[in-house]
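Here is a short tour for anyone meeting this structure for the first time. Have a look at the sequence and the model, then read on.

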Amino acid sequence: MKRNLFSAFLLSSALLLGACNNEKAGEVGATGMNAAANEAAANPVVDNPNVTNETAAPNPNAPVMTFAVSEHDFGDIQPGSVVKHTFEFTNTGKSPLLIENATASCGCTTPNWTKEPIAPGAKGTIDVQFDSHGKMGIQNKEVAIQANTQPNITKVVIKANVLSDGAAGPVRQ
């Protein structure tokens, strides 16, 4: 009997103290936790290492790829023809320029570039070949050049109007 009475006393004391602590926890939660949540919602911070800091200072010694002309229009070309244009650029930066890769927006366009480092003041080239097989009408193709410049992607564009081969021909009435 004493054991049951003692257990009941401990249980009621624990419940009483627990009820008092819950009221205080509610007060702390209302001001502490909710305030922190409201502050976080008002000032969201996203830590994304893939995004460049907007306030980051550019490297003044970085190489700079400067094209005399960054767009070439072949005009009207015959269907099935392969045309090529060489884009020339100058490294107007203060350190050697190295092209890591050049990719075209379509498999019909093939870039080839200077593989050696281009010293400051020196010139380099990007050859872009366009194969019009299976193409018709106005074509705009972009080549993205990835290099150790800031920004690290530079783009050149070629355009062409692939004439009709006449296979479908005009319809006679």
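What follows walks through the strands, the core and a couple of individual residues.

First, some ground rules: this is a predicted model, where local features need pLDDT of at least 70, side-chain atom pairs count only at pLDDT 80 or more, and totals for chains, interfaces and linings use all residues. Residues are numbered from 1 along each chain as its sequence is written, and side-chain values use heavy atoms, with hydrogens and water left out.

**Strands**

Let's start with an open sheet of 4 strands, ordered β2-β8-β7-β4 with mixed pairing. Strands here are DSSP runs (E, at least two residues), numbered from the N terminus, and two of them pair if DSSP finds at least two bridges between them. At the edges sit β2 and β4, each pairing on one side only. On average, neighbouring strands of this sheet are turned by 15 degrees against each other, direction ignored; the axes behind that angle are lines fitted to C-alpha atoms.

Here are three antiparallel pairs:

| Strand pair | Bridges |
|---|---|
| β7 and β8 | 10 bridges |
| β3 and β6 | 9 bridges |
| β5 (residues 109-113) and β6 | 5 bridges |

Zooming in on single bridges, Ile-145 has Thr-154 in β8 as its partner. His-85 is matched with Val-128 in β6, and Trp-113 stands opposite Ile-126, also in β6.

**The core**

The largest nonpolar core (buried Ala, Val, Leu, Ile, Met, Phe, Trp, Tyr and Cys residues joined through side-chain atoms within 4.5 Å) has 24 residues. Among those with the most contacts inside it are Met-65, Phe-89, Ile-99 and Ile-126. Elements giving two or more residues to this core include β1 (65-67), β3 (82-91) and β6 (123-131), while β8 gives the most, with 4 residues.

What does Ile-99 touch, leaving out residues up to four places away in sequence? Its contacts (heavy atoms within 4.5 Å) are Met-65, Phe-89, Trp-113, Thr-114, Ile-126, Ile-145, Gln-146 and Ala-147.

**Around β8**

Val-157 is part of strand β8. It counts as buried because its relative accessibility is 18%, and buried means under 20% relative accessible area (1.4 Å probe, protein chains only). Val-157 and His-72 are 85 residues apart along the chain, yet their C-alpha atoms are separated by 6.4 Å.

Finally, Pro-151 lies in the loop between β7 and β8. Most peptide bonds are trans, but the one from Gln-150 to Pro-151 is cis, with omega near 0 degrees.

Note on methods:
Buried < 20%, exposed > 50% of the residue type's maximum accessible area, 1.4 Å probe, protein only. Axes fitted to C-alpha atoms, helices over the stretch in contact; angles between N-to-C directions.
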